[in-house]
Amino acid sequence: MTRRWVLVAAGTAALVGAAAITLPATAAADPADLRGRILAGVPPHVGYAVSTGRLGLPDIPALEQVTALFADVTRLRVQYASADRWRTDELTPAGERDTYHFGSTEYLWDFGSNQLTRVVGEAPVRLPRAGDLVPSELARRLVSLTRADPVSAIPARRVAGFDAAGFRITPADPDTTVGRIDVWCDPASGLPLRVEIAARGDELPLLFTEFEEITLTTPDIAVPTAPAGAGEVTAEAADLAGALRQLDAAPPPRRLAGRDLVPLTGALPGVGVYGSGVSGFVLVPATRGIADRVIDGAPAAGGVTVDVPFGRAARLTTPLLTVVARGGVRRGGILLAGTVAPAVLEQAVRELPGPRA
């Protein structure tokens, strides 16, 4: 993958309405074939989707917008012509936030701030955004991460007027907290219509997203223009990295917790991705203030202290997502996050080098 999430979008808790009654469905298809069709590329479509989840973690300073994505209901409108031409709108009570993608250029329209931003280039590492929760996009990412894991057929279900065929991915790595990933597709087109993610040992999914309306058609997506009175700016993709953009961060270690650093062309300073699939994790440099606020707030959120050779550290967990923060040292702090067992990140934080002079 050329663009990796920094916080894995699976870190959510119990769902609302996951066991909703559906009409009988009889569609069936070979699960390996369905997975292969998703990997080959999803067909054009236009639709409306709803994602539901509950992260179960307190807000992390500078990452509040990310954690909020997985703590509530997210409503999405999507127009997908191809991998290089699509539009996703996050619908909010106050308006909407739209993302237009045309090759290497994106446009971000924020109704609340009344601004259109033209984004040039692609950052190899970025934070999750609402469009990542569209069923077709989430399925594509998760299937790409787990292409070597076993798949099996699951009962069909009715989704957005389609008899959707289902398959289950069961991650084999014992270090991941992800127990199953269920995907339902239109068996004729291969379009993913619903995705569920559950933790090991849990029956209920901790995140589900599905289309409520869908049409298999190719949309005509025009380049947006700023309305009269709106602001308009141009920015490099790396400039929008927010909490990830720590210009003076030290290079990430080449290996942590038995996992090698994944090579990323043009990676942001200090950011590291370790391991592969859903058992990987990320290292994000943070200011000392951000790391210390996470550590100070950990006890009230059910977190625990982690003994480290330098500074101080704390761990926060949900059934899916583990986060460890190290602070209390000069030149900033560190956040580690991933869908991995707590012991993995505790080992990683203990292996981190001490503060630079």
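Two strands are counted as paired if DSSP finds at least two bridges between them. The strands (E, at least two residues) and helices (H or I, at least four residues) are DSSP runs, numbered from the N terminus. The model is predicted, so that local features need pLDDT of at least 70 and side-chain atom pairs count only at pLDDT 80 or more, while totals for chains, interfaces and linings use all residues. Residues are numbered from 1 along each chain as its sequence is written, and side-chain values use heavy atoms, with hydrogens and water left out.

One open sheet holds six strands in the order 17-18-22-21-20-19, with antiparallel pairing. Its edges are formed by strand 17 (272-274) and strand 19 (304-306); each has a single partner strand, so one side of each lacks a neighbour in the sheet. Within this sheet, strand 21 (residues 322-327) and strand 22 (residues 333-338) run antiparallel and are joined by five bridges. In strand 22, L336 is the bridge partner of V324.

Two helices accompany this sheet. Helix 4 (residues 288-297) lies across strands 18, 20, 21 and 22, at about 120° to strand 21; axes are lines fitted to C-alpha atoms, for helices over the stretch in contact, and angles run from 0 to 180 degrees between N-to-C directions. Helix 5 (residues 342-351) packs on the sheet and touches strands 18, 19, 20, 21 and 22, where contact means heavy atoms within 4.5 Å.

A further open sheet has twelve strands in the order 9-10-11-12-13-2-3-4-5-6-7-14, with mixed pairing. Strand 9 (151-159) and strand 14 (231-236) are its edge strands, each pairing on one side only.
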